[in-house]
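Work through the exercises below with the model open beside you. Try each task before you read its solution.

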Amino acid sequence: MRNIKTKLIIAFGTTITVLLLVMVLKSLYSKKAEKIQNEIDVRIEPAIEILDAYRSYNNELYLISLNKISTAKSDKLTNRMKIITEVELPHLNKMAFDLVATFHTDNPEFSAFSKIIGITDNAIINVKDMFIILQTKNDYAKIEKLTVSSSLLRDKIALQFNEIDHLVSALQFDFNQENKIKRAELSKQLVNLNKIIILSGTVAILISLLVAYRTIRSIVNPIKILQEGAKRISEGDYNYRVALNGKDELNELGDTFNTMADSLSNSFEHINSKNKELEQFVYIASHDLQEPLRTISSFSQLLDKQYNGQLDETGNQSLHFISQATSRMQYLVKDLMDYSRLGSDKYTELIDCDELLLGVQNDLSELVKDTKTNLVINKLPEVSGYKTSLGLLFQNLINNAMKFQNPGVKPTVEVFMMEDPVFWKFGIKDNGIGIAPQHQEKIFSIFKRLHTKKAYEGTGIGLAHCLKIVEMHGGSIHVESEINKGSTFYFTLAKKLLDG
Ligand code: ADP
């Protein structure tokens, strides 16, 4: 197994190498095609053109010579002869000479071309001679000059032009053949080149895609596994561990992740056992405190009964304070015991919240009636959780919503739910006295109250109960509130609740 850097280098390296190979193959094949094209452009086509020109100039010159003998003096013929012999044919010879210079001397085309150039030179001289002989009008009268010219035309010029014509025809045939062959070869090369490009391009793309796919998969898969691990642990599944094989950085990250999960689950277990110890302690302490409290309470009652009328005002008042404080202490100790016992039921069940709220409404019916509360309970979902605790949670929040009201105000309380993929979300909204921002967190602490017992009854443990219950359900609770406008308590319960 390689590390991520090496994997990426290999992926890019393979792609680039394959592309380079394709380019090399392409340039090899296109070089061959270029060579053939070059031969056609530089040698074959110019040769064919030059040979065509030879044929047409020579034919023209021969005809001009014939006409010169049979026709009377014509300046037009003489001028055309001059142009051909002094400009066009010498220029053609020069071009032929330059072309032939590029041929190999063993090449039969070399000697044939050289011959054409030589004979053409001679033919030019002979034609010019013939024109010189027949220079003036008077010369025409002289039969002797005509005879010389005619024999020059017949013996030399005609033969030379004939020979040139033969040579040109033979060469033309050769070059045309060669042209055909080379063009066929060129088109074959081009087809091959096309095939090579398509084939090697396809192979290159496939290889690159395969390498890229494997590289991406080898990076993305471990990330997905780690993501799932983080999700499971954040949902409270502390025993979840990721399984990654290999030695790259992501696998190392997987090992570190598992080590972190180990220490997290150890800490969680430790905290859990400490919590249980503490709850046990609170339970035992509150349980044991009840006994002396009961004794104080019954003895103060006895005192009140037996010494009724014998004590002065201060004595009676003190006795009254003692019994009041004792009963308050008894409430507090009982609340404390309830708090420590919360969560002792270990098994969750499916709870129909509509039904649960009917029960809560029933328990609170007296208070609802007394306070003339408008209690609105919307449609609620089915959740899994600890039934008694959840009932207590709704009851505490609705009870507070009705209780913390300004005098003379008719309470309006609404229970509702909100959609969320991970949690069940609930809200309990009231139109009560509200809570100042600086107290909105503190009120969830045990025995924290913002008012005197005289203003609003209570021990200050209700919201601590609520916090504990939502935490037992893998959720959270908070309040949004404005003084004198009302409060909304929001709480969540995990949809995937893990037992224990
Ligand atoms: P208790 O109701 O016994 O006082 P709680 O723990 O239920 O104790 O509440 C703590 C404090 O939070 C209350 O004393 C009160 O000041 C504040 N509180 C709770 N609910 C509300 C509410 N709906 N509106 C205004 N204040 C509230």
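Buried means under 20% relative accessible area, exposed means over 50%, and partly exposed is in between (1.4 Å probe, protein chains only). This is a predicted model: local features need pLDDT of at least 70, side-chain atom pairs count only at pLDDT 80 or more, and totals for chains, interfaces and linings use all residues. Residues are numbered from 1 along each chain as its sequence is written, and side-chain values use heavy atoms, with hydrogens and water left out.

**Exercise 1. Classify K31, S65, K372 and F447 as buried, exposed or partly exposed.**

Step 1. Start with K31, found in helix α1 (residues 4-70). Helices here are DSSP runs of H or I with at least four residues, strands are runs of E with at least two, and both are numbered from the N terminus. The relative accessible area of K31 is 57%, so K31 is exposed.

Step 2. S65 also lies in helix α1. Its relative accessible area is 0%, so S65 is buried. Leaving out residues up to four places away in sequence, S65 touches V127, M130 and L153. Contact means heavy atoms within 4.5 Å.

Step 3. K372 sits in the loop between α9 (365-371) and β2 (374-377). At 59%, K372 is exposed.

Step 4. F447 belongs to the loop between β5 (423-430) and α11. At 34%, F447 is partly exposed.

**Exercise 2. What is the sign of phi in K372, in F447 and in G474?**

Step 1. K372 is not a glycine, and its phi is positive, near 55°.

Step 2. F447 is not a glycine either, and its phi is positive, about 60°.

Step 3. G474 comes just after α11 and has a positive phi of about 65°.

**Exercise 3. Describe the overall form of the protein.**

Step 1. Take the elements: the protein has 11 helices and seven strands.

Step 2. Compare radii. The radius of gyration is 58 Å, well over the 23 Å that the globule rule gives for 500 residues, so the protein is more spread out than a compact globule. The radius is taken over C-alpha atoms, and the rule is 2.2 Å times the number of residues to the power 0.38.

Step 3. Check the spans: along its principal axes the C-alpha trace covers about 190 × 55 × 35 Å.

Step 4. Add burial: 36% of the 500 residues are buried.

**Exercise 4. Which residues touch the most other members of the largest nonpolar core?**

Step 1. Define the set. A nonpolar core is made of buried Ala, Val, Leu, Ile, Met, Phe, Trp, Tyr and Cys residues joined through side-chain atoms within 4.5 Å.

Step 2. The largest core has 44 residues, and Y54, F113, I116 and F175 touch the most other members. Two or more residues each come from α1, α2 (75-101), α3 (108-133) and α5 (143-234). The largest share, 13 residues, is from α1.

Step 3. Look around Y54. Apart from neighbours within four places in sequence, Y54 contacts residues including L89, L92, F113, I116 and V168.

Step 4. A second, separate core has 35 residues, among them L364, V368, L380 and F489.

**Exercise 5. How many residues of helix α11 are buried, and what do they pack against?**

Step 1. Helix α11 (residues 462-472) is mostly covered, with eight of its 11 residues buried.

Step 2. Name them: L463, A464, H465, C466, K468, I469, V470 and M472.

Step 3. These buried residues pack against α6 (249-306), α7 (313-341), α10 (387-403), β6 (477-482) and β7 (486-494).
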